[in-house]
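Me: I should like a close look at a single part of this protein, followed by an account of its surroundings and of other places worth examining. Please use terms that a first-year student can follow.

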Amino acid sequence: VVTYNTLIDACCKLRRIDEAFGLFRSMVIKGLEPNLITFNVVLNGLCREGRMKETSGILDEMSRKGYVPDEVSYNTLINGYCKEGNLHQALFLHAEMVRNGLSPGVVTYTSLIDCMCKAGNLNRAIEFLDQMHVRGLSPNERTYTTLINGFSQQGLLNEAYRVLDEMIGSGFSPSVVTYNALINGHCLLGRIEEATEVLQNMDGKGLTPDVVSYSTIIGGCCRNHDVDRAFQLKKEMDHKGILPDAITYSSIIRGLCEQRRLIDAFDVFREMLYTGLPPDEFTYTTLIDAYCKEGDLNRAFDLHDEMIQKGILPD
RNA sequence: CUAAAUGGGA
């Protein structure tokens, strides 16, 4: 059963949920009883795909077999509904888990805080943080990072840094993710200089900027119509041995398209192919959109066909 | 063996 659970989980994480279901069903055929973890893994697979409707069927199947959802099950579902933007259902499940005698833990609260942040309701996020303290729970590094990201996304950098201080004061070391959230906050305000400073200060904290750190700033430069600076940063990445990914490339392509530099954009696209990085749906959509806007429908259709041929489905 | 946080398109 453990082997199956591991395999099913791996399929879910690779977004091969159909194979996951195949394995799940074949367990029963082989006479293996799925356990609570199996069900949790399957629930998580559905949640990750945004297939929340299908979770009730699995929950029914669970209860038919006599399994009662545990904290992990609830956290999985709460997070799924949060990502879907269904705050109501997330809060309902939070109440239900308490009603069923389960104690929401730090993971539950971090999900709810993230949910509120993404909904732009930072006051509500802080309320949950306070509620955690009342219940004797301590936020962890991820909880703080979630909040810092929430404030950064809203352009409330002072608040974000206040949380950072609190985080450090509580004995936590900000991670690369924490700093990346702050970098993004600076970029969203168009303050690329500051973002770059944060990036540079990371080294002194014993942290190495990663592909996200760079892609964030590259995206920020492109939004500011400064593609040249984006190229500079891309060079710096190459120099440091940080491998760009599809997002890094798509950001640059997007910046070039916006400047109507479609020839350059296509060159970058070719470089991407050349380095063996598979473009994804976003990359294609960016280019197709740009060619359409230029009235070059032939190239747009060529790319459309190319993406289908590569098994990337247009949406 | 399962749950929470950071970057790109329309």
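Leaving aside its neighbours within four places in sequence, with which residues is Thr145 in contact?

Reply: The model is a predicted one, and every value below is computed from it. Once the neighbours within four places in sequence are set aside, Thr145 is in contact with Met167, Val177 and Thr178. With Thr178 there is also a specific link, since the side chains of Thr145 and Thr178 are joined by a polar contact of 2.9 Å. Thr145 itself belongs to helix α9. Its relative accessibility is 7%, and therefore Thr145 counts as buried, because the term buried applies under 20% relative accessible area.

The helix that holds Thr145 also takes part in a pocket. Helix α9, which runs over residues 141–153, supplies at least two residues to the lining of the largest pocket, as do α5, α7 (106–118) and α11 (176–188). The volume of this largest pocket is about 710 Å³. Its lining consists of 22 residues, and those closest to the pocket centre are Asn79, Thr110, Asp114, Arg142 and Thr146. By class, the lining of the largest pocket contains twelve polar residues, five nonpolar and five charged. As for how such spaces are found, rolling a probe the size of a water molecule over the atoms shows where empty space is left.

The second largest pocket can be described in the same way. The space within the second largest pocket amounts to about 370 Å³. Sixteen residues line the second largest pocket, and Ser215, Gly219, Arg223, Ile247 and Ser251 lie nearest its centre. Two elements each give two or more residues to this lining, namely α13 (211–223) and α15 (246–258). Of these, α13 provides the largest share, with eight residues. The lining of the second largest pocket is made up of seven polar, five nonpolar and four charged residues.

Helix α15 leads to another residue that merits attention, Leu256, which is placed in that helix. With a relative accessibility of 0%, Leu256 counts as buried. Apart from neighbours within four places in sequence, Leu256 is in contact with Val227, Phe231, Arg261, Asp264, Ala265 and Val268. For one of these partners, Val268, the separation can be stated in two ways: Leu256 and Val268 are twelve residues apart in sequence, while their C-alpha atoms are 9.2 Å apart in space.

The loop that follows α15 contains an unusual backbone angle. Arg260 lies in the loop between α15 and α16 (262–274), and Arg260 has a positive phi of about 60 degrees although it is not a glycine. Its relative accessible area is 60%, so Arg260 is exposed. A positive phi of about 60 degrees is also found at His225, which is likewise not a glycine. His225 is located in the loop between α13 and α14 (227–240). With a relative accessible area of 48%, His225 is partly exposed.

Finally, aromatic rings deserve a look. A search of the whole structure finds seven aromatic pairs. In one of them, the ring centres of Phe24 and Phe39 are 5.7 Å apart and the ring planes stand at 80 degrees, so this pair is edge-to-face. Phe24 is part of helix α2 (residues 17–29) and Phe39 is part of helix α3 (residues 36–48), so their pairing ties together parts that are 15 residues apart in sequence. Both Phe24 and Phe39 are buried, and the relative accessibility of Phe39 is 0%.

Phe39 also pairs with Tyr67, at 5.7 Å centre to centre and with 55 degrees between the planes, in an arrangement that is tilted. Because Phe39 lies in helix α3 and Tyr67 in the loop between α4 (55–64) and α5 (71–83), this pair ties together parts that are 28 residues apart in sequence. Tyr67 is partly exposed, with a relative accessible area of 23%. Phe24, Phe39 and Tyr67 belong with Phe21 to one aromatic cluster.

Notes:
Residues numbered from 1 in each chain as written. Chains lettered and ligands numbered in written order. Predicted model: local features only at pLDDT ≥ 70, side-chain atom pairs only at ≥ 80, totals over all residues. Heavy atoms only, no water. Phe/Tyr/Trp six-rings, centres within 6.5 Å; stacked < 30°, edge-to-face > 60°. Helix = DSSP H or I, 4+ residues; strand = E, 2+ residues; numbered from the N terminus. Buried < 20%, exposed > 50% of the residue type's maximum accessible area, 1.4 Å probe, protein only. 1 Å grid on protein atoms, 1.4 Å probe; cavity = no way out; pocket = protein on both sides within 12 Å on 5 of 7 lines; lining within 4 Å. Points joined across faces, edges and corners; volume = space filled by probe spheres on them. Nonpolar A, V, L, I, M, F, W, Y, C, P; charged D, E, K, R; others polar. Polar contact = N/O pair within 3.5 Å; in protein donor to acceptor, adjacent residues only side chain to side chain. Contact = heavy atoms within 4.5 Å.
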